[in-house]
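Here is a quick tour of a structure, written for someone at the bench. Keep the viewer open while you read.

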Amino acid sequence: MSASAVTQAEKAGAAPYSRALLSVYDTVVLRWSNTLVWRCPRERLLAHYNSHLGDRHLDVGPGTGWYLQNATYPTPSPMMVLLDLNPNTLQMTTARLADRGIAAAAHTGSILAPLPTDSGVFDSVAANFVLHCVPGTWAEKGRAFGHIAQVMADDGVFFGSTILDTGVHHTPLSRALNHLYNGPIKLFHNRDDDLDGLHTALAAAFEGVEITIVGSVAVFAARRPRRLGS
Ligand SMILES: C[S@@+](CC[C@H](N)C(=O)[O-])C[C@H]1O[C@@H](n2cnc3c(N)ncnc32)[C@H](O)[C@@H]1O
């Protein structure tokens, strides 16, 4: 992976995840904000992990690793690879997985760059609550879907979730926070993220796309990767 290809805007999307933020993330974001603001409880997303995790898994943007730590795996010793631009999240998630006896290979890099191929192909790839942090239009974010399709097994699945700006129901609170996080507090880059655009971008890289809206969140799973040149 070429670190030089990573733009300042991509780096900015991952920069907020300091050790201090990660120390309160599970409570403030996963317990409170997921339920009270976005109305997509962490238990709903953990169930999404549990029903899609494969034996060879790539997790992009793992954050604190709460989902990976609490998930149910199809086998006791899954092959686990982590990818993130922020070393703090890689360190925390690797340690949490080690507590469960799961060894993880950690790579520093962006979801928008071609993915590591030295680990072979993956049965599952997740990007949970990552795409709303990534800059660009769906055409630009969709580059990531093309890269993911190249490293997936034929019968693999790409799954995750992302907070959308339009095509989902926002309450006054979630609308206000979404504006705040795209403006004065730069946590999100989802001002242009709509439901149709997400579907179109996923369908360009995968033949089978399922999206379920839960609160302000699109919960997706995509199968049957389209190979480059096929
Ligand atoms: C909102 S957190 C989500 C963490 C976790 N997946 C969860 O659902 O709790 C976003 C994560 O994506 C990472 N991230 C942001 N932009 C990224 C990029 N361009 N490439 C890879 N990871 C990125 C952040 O560092 C962070 O770990």
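The cover over the buried residues of α8 includes α6 (138-150), β6 (206-214) and β7. Those buried residues are L198, A201, L202 and A205. They all sit on the same side of α8, because they span an arc of only 95 degrees around the axis (the arc is that of the directions from the helix axis to the C-beta atoms). As a general rule, an α-helix has 3.6 residues a turn, so residues three or four places apart point the same way.

Before going further: this is a predicted model, where local features need pLDDT of at least 70 and side-chain atom pairs count only at pLDDT 80 or more, while totals for chains, interfaces and linings use all residues. Residues are numbered from 1 along each chain as its sequence is written. Helices (H or I, at least four residues) and strands (E, at least two) are DSSP runs, numbered from the N terminus. "Buried" means that 20 or more other C-beta atoms lie within 10 Å of a residue's own, "exposed" means 12 or fewer, and "partly exposed" is in between, with C-beta atoms placed from the backbone. Two residues are in contact if those C-beta atoms lie within 7 Å.

Now for the core. The largest nonpolar core (buried Ala, Val, Leu, Ile, Met, Phe, Trp, Tyr and Cys residues joined through C-beta atoms within 7 Å) holds 62 residues, and those with the most contacts inside it are V60, V125, V130, I148, F158, L202 and F220. Strand β7 (residues 217-225) gives the largest share of this core, 6 residues. Leaving out neighbours within four places in sequence, V60 is in contact with L83, I111, V125, A126, A127 and V130.

UniProt, in an unreviewed entry, puts "domain: Methyltransferase type" at residues 58-159; its positions follow the numbering used here, feature names are shortened, and annotations may be inferred rather than shown by experiment. That stretch, residues 58-159, is 30% helix and 28% strand, with its end C-alpha atoms 11 Å apart.

What surrounds the ligand? There are 23 residues around it, and A14, G61, G63, N86 and F129 come nearest (a residue is near if its C-beta atom, placed from the backbone, lies within 6 Å). By class, this shell has 14 nonpolar, 7 polar and 2 charged residues, where Ala, Val, Leu, Ile, Met, Phe, Trp, Tyr, Cys and Pro count as nonpolar, Asp, Glu, Lys and Arg as charged, and the others, Gly among them, as polar. Helices α1 (8-14) and α4 (66-70) each supply at least two residues of the shell, and α1 gives the largest share, 3 residues.

A few loop residues are worth a look:

| Residue | Loop | C-beta neighbours within 10 Å |
|---|---|---|
| R39 | between α2 (19-37) and α3 (42-52) | 18, partly exposed |
| G101 | between α5 (87-99) and β3 (104-108) | 8, exposed |
| F129 | between β4 (122-128) and α6 | 21, buried |
| R191 | between α7 (172-182) and α8 (195-205) | 14, partly exposed |

R39 has a positive phi, near 60 degrees, in a residue other than glycine. F129, also not a glycine, has a positive phi of about 55 degrees. R191 touches D165 and N182, not counting residues up to four places away in sequence. R191 and T137 are 54 residues apart in sequence and 9.0 Å apart in space, C-alpha to C-alpha.
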